[in-house]
Amino acid sequence: MSPPFRAITAFHATARTGSMQGASEVLGVTASAVSQQIQAIEAHIGVRLFSRTGRKVVLTEAGERYYELIRDEIERITVATEQMRGLSSFTVLNIRVTPTFANKWILPRLPDFMEKHPDIELRLDATNDPPDFGRENIDLEIRHGTGDWRGMYVECLADERVQVLCAPDYAAAASLDIEDLPDYRLIHSVKNVTQWANWFEIQGFEPAKPLCRTLFDRAHMSIDMAASGVGIVLESRLTASAELASGRLICPMKPGLKDVWQQSLWLVCPSPHLNRRKVRRFIDWLKSTLEPLETAPALPRG
């Protein structure tokens, strides 16, 4: 039979403070209760741990040995408990985000969220792998794709205008006709919803010769390579917003082409997760960062 932990802590507090009264103040119990616990641990071990002199107590030789054996462990437990008390004031929010959106949009704006919500401990998992909400501790996912995921709450985050982009040193702004594109290196983001073939079809153009292609499986890689002057990329202006704002990317196409829009960025989670206050706070913040974006024109009725 193991000794009761309450009796062990009473012994530890008494040995550390040098009196049962001191131990009672530390533990928040009466000195009489401490005395009872000391008697219980002495009976359990079968030796006297303290010599009593009036109100003071002095460790016996056996008591000193026992105190040395348990002191570090008790203090580790105390420190761990205090740390957990501190953590209990934080709310942990687990978000899974596509790598490109995390890299290009969320991370640059994250200090604003942290300042506005200091009580939320945000944990970002940047991967394209969809979570198993039944097994993984994920509150919310920001997923890239077509939006057809049954059994989940799915909401489109933004209309994304897809545009031909390159570094200004690679081709000047408004300098190219669509017929010129096959003469340039075209960078492909292979997981994008809108691909070069889709864009050419929408424009009613079919290249007369094979394209010079470079392919990446992450859109942020495609954007970085285009900004470094490697080629021309077809990308969402939302994803490339920082490079467009800084002038590292421009649109080299002459006016007159059809605008292309896509909905490829989605909030995804089980519907009950929307009742979590931490989830709603993150969603509201994220939507506020997207408010300045242009939106697709309304489709004509009839």
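Which residues make a nonpolar surface patch of about 220 Å²? In this predicted model, the patch is formed by Val26, Leu27 and Val29. Valine 26 belongs to helix α2, which covers residues 20-27. With a relative accessible area of 45%, valine 26 counts as partly exposed, because that value falls between the limits of 20% for buried and 50% for exposed residues.

Helix α2 also has a buried side. Its buried residues are Met20, Gly22, Ala23 and Ser24. What do these buried residues pack against? Their partners are two helices, α1 (5-17) and α3 (31-45), together with two strands, β1 (50-53) and β2 (56-59). In general, an α-helix has 3.6 residues a turn, so residues three or four places apart point the same way. After α2 comes glycine 28, whose phi is positive, near 75°.

Attention may now turn to the sheet. Five strands form an open sheet in the order β4-β3-β5-β12-β6, and their pairing is mixed. The edges of this sheet are β4 (120-126) and β6 (153-156), each of which pairs on one side only. From one strand to the next, the twist averages 20°. As a general principle, strands of a sheet pair through backbone hydrogen bonds, either parallel or antiparallel. An antiparallel case is offered by β6 and β12 (residues 265-269), which are joined by 4 bridges. Within this pairing, tyrosine 153 has cysteine 269 of β12 as its bridge partner.

Helices pack on this sheet. Helix α9 (residues 277-290) touches β3, β4, β5, β6 and β12, and its direction makes about 50° with that of β3. Helix α5, for its part, lies across β3, β4, β5 (140-144) and β12, and runs at about 165° to β4.

Between strand and helix there is a further residue to consider. Threonine 98 is found in the loop between β3 (91-97) and α5 (99-116). Is threonine 98 buried or exposed? Its relative accessible area is 7%, and threonine 98 is therefore buried, since the limit for that term is under 20%. Beyond its neighbours within four places in sequence, threonine 98 is in contact with Thr127, Asn128, Ile142, Arg143, His144 and Leu265.

The two residues thus give a contrast: valine 26 is partly exposed, whereas threonine 98 is buried.

Definitions and conventions: Residues are numbered from 1 along each chain as its sequence is written. This is a predicted model: local features need pLDDT of at least 70, side-chain atom pairs count only at pLDDT 80 or more; totals for chains, interfaces and linings use all residues. Side-chain values use heavy atoms; hydrogens and water are left out. Patches are made of residues with over 30% relative accessible area and no salt bridge: like charges are joined within 9 Å, nonpolar side chains (Val, Leu, Ile, Met, Phe, Trp, Tyr) within 5 Å. Accessible areas come from the Shrake-Rupley method with a 1.4 Å probe; for residues, only the protein chains shown count as cover. A salt bridge is a side-chain nitrogen of Lys or Arg within 4 Å of a carboxyl oxygen of Asp or Glu. Buried means under 20% relative accessible area, exposed over 50%, partly exposed in between (1.4 Å probe, protein chains only). Contact means heavy atoms within 4.5 Å. Two strands pair if DSSP finds at least two bridges between them. Axes are lines fitted to C-alpha atoms, for helices over the stretch in contact, and angles run from 0 to 180 degrees between N-to-C directions.
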